[in-house]
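Please walk me through this structure. I would like to know where empty space is left in it and how some of its helices pack.

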Amino acid sequence: MNRPYNFSAGPAAIPAEVLQQAASEMLDWHGSGMGVMEMSHRGKEFLSIYEQAEADLRELLAVPQNFKILFMQGGGLAENAIVPLNLSRAATVDVVVTGSWSQKSLKEARKYASEVHVAASAEDSGFTTLPDPASWQLSRGASYLHLCSNETIHGIEFHELPDLRALGSDAPLVIDFSSHVASRPVDWSRVGLAFGGAQKNLGPAGLTLVVVREDLLGHALPACPSAFDYKVVADNQSMFNTPPTWGIYIAGLTFQWLKRQREGELSGIAAMEARNVAKARLLYNFIDQSQFYVNKVSPNARSRMNIPFFLRDESRNDAFLAGAKECGLLQLKGHKSVGGMRASLYNAMPLAGVEALVAYMQEFEQRSA
């Protein structure tokens, strides 16, 4: 089945194999007589789905045993409040501001921490660069440091997570990896907590992934709702309240799809990283040699997942988007706060989709000359 290529930043494309399997199981999951959306979250059928999804994710991301995997609701935006409710201890929180999402995190943390300190900011560059960790001003005794390791809107990514201990800080590192989770390995030795909405690289909107080190559990503020207390959620295997069962099911199918991926001698997440490097390189190389398009992000800060670009003659934006849609290239309009275009190259986007986009961009440029 030939489908258009969906470059949406989220909710984003899901692998066709996953959608086809879900469709085939919609009315009757494995002879149970029920679809997954009809199952009790405490029944043996759904529990088997949940347990397999958790085990597959732990294997894929090489999550250490001293980390809990939580399947929650609320999205990445809600986690901007849930994290400080659990980890701030009403003390000082450090935030590195690298774009729109970390700006939101900063604003939300100020509601719960006694002090929120901007350890570094890239705002002066228009969020086109990343502040060097060696220049960060870290607070003594901070409860944690918040970092958005991939800014979906501005197209910025930390390709290596900072080692806070080497910077003289004992604070746990909290990362929002919503838009590049499962696109590359995670160095868990440098992370205390990672969270992300599923709707970019893992499955449908409505599911939120939290991976949290066990020693960070049990410190929620008294005002924290029980359903958002990480310890309560962990103690109840993510079922203190009814979890997003359909989202967990689709994510579980996506994990199985990821495990099947091969790229030469590589498999799983390593294979996906190799593909993602190749896809991003293809598009960036074309943009950089073009006199018609431009990407404003410093090369060492460029995201592999979210690539914003601009037509130098922006009066042709509407024509570009209309022509792209006719070619089956969807959801390329940039975020309203930034403008221009944006191509999101998540795991479900094949290299052929990026090749089709580059071919169209080249043709449009030649036609517009």
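What volume does the largest cavity have? The largest cavity has a volume of about 70 Å³. Its lining is made of 13 residues. Ala13, Ile14, Pro15, Asn201 and Leu202 are the closest to its centre. Sorted by class, the lining of the largest cavity holds 7 nonpolar, 5 polar and 1 charged residues. Keep in mind that this is a predicted model.

How is such space found? Rolling a probe the size of a water molecule over the atoms shows where empty space is left. Over the whole structure, the search finds 3 cavities of 30 Å³ or more.

The second largest cavity has about 60 Å³ of space. Its lining can be named in full: Glu79, Asn80, Val83, Pro84, Val95, Ser105, Leu106, Ala109, Tyr144, His146 and Phe195. Three elements each give two or more residues to this lining: H3, H4 and strand E5, which spans 144-148. H3 gives the largest share, 4 residues. By class, the second largest cavity is lined by 7 nonpolar, 3 polar and 1 charged residues.

Now turn to the pockets. The largest pocket holds about 580 Å³ of space. It is lined by 26 residues, and those closest to its centre are Tyr5, Ala16, Ala348, Met349 and Pro350. Strand E1 (5-6), helix H1 (16-24), helix H7 (268-289) and helix H9 (351-368) each give two or more residues to the lining of the largest pocket. Which of the elements gives the largest share? H7 does, with 5 residues. The classes in the lining of the largest pocket are 18 nonpolar, 3 polar and 5 charged.

The second largest pocket holds about 310 Å³. Here 22 residues form the lining, and Leu77, Trp101, Thr152, Gln199 and Lys200 lie nearest the centre. Two helices give two or more residues each to the lining of the second largest pocket: H3 (75-87) and H4 (100-109). The largest share, 4 residues, comes from H3. In this second largest pocket, the lining divides into 5 nonpolar, 13 polar and 4 charged residues. H3 thus appears in two linings, that of the second largest pocket and that of the second largest cavity.

Next come the helices. Two packed helices are described by the angle between their axes and the distance between the axes.

Start with H7 and H9, which both help to line the largest pocket. They pack at an angle of about 10°, and their axes are 9 Å apart. That angle makes H7 roughly parallel to H9. On the H7 side, the contact is made by Lys279, Leu282, Leu283, Phe286 and Ile287. On the H9 side, it is made by Leu351, Val354, Glu355, Leu357, Val358, Met361, Gln362 and Glu365. By class, the contact of H7 with H9 has 9 nonpolar, 1 polar and 3 charged residues.

H9 also packs with H8, a helix of residues 317-326. The angle is about 135°, and the axes are 11 Å apart. H8 and H9 are therefore oblique to each other. The crossing of H8 and H9 is right-handed. Which residues of H8 and H9 meet? From H8 come Ala319, Phe320, Gly323 and Ala324, and from H9 come Tyr360, Met361 and Phe364. This contact of H8 with H9 has 6 nonpolar residues, 1 polar residue and no charged residues. Met361 takes part in the contact of H9 with H8 and in that of H9 with H7.

The last pair is H2 (residues 44-60) and H6 (residues 245-260). Their axes come within 9 Å and cross at roughly 45°. H2 and H6 are therefore oblique to each other. H2 passes H6 in a left-handed crossing. H2 brings Phe46, Ile49, Tyr50, Gln52, Ala53, Asp56, Leu57, Glu59 and Leu60 to the contact. H6 brings Thr245, Ile248, Tyr249, Gly252, Phe255, Gln256, Leu258 and Lys259. The contact of H2 with H6 counts 10 nonpolar, 4 polar and 3 charged residues.

Methods
Residues numbered from 1 in each chain as written. Predicted model: local features only at pLDDT ≥ 70, side-chain atom pairs only at ≥ 80, totals over all residues. Heavy atoms only, no water. 1 Å grid on protein atoms, 1.4 Å probe; cavity = no way out; pocket = protein on both sides within 12 Å on 5 of 7 lines; lining within 4 Å. Points joined across faces, edges and corners; volume = space filled by probe spheres on them. Nonpolar A, V, L, I, M, F, W, Y, C, P; charged D, E, K, R; others polar. Axes fitted to C-alpha atoms, helices over the stretch in contact; angles between N-to-C directions. Parallel < 35°, antiparallel > 145°, perpendicular 65-115°, else oblique. Left-handed = near helix turned anticlockwise from the far one by under 90°. Contact = heavy atoms within 4.5 Å.
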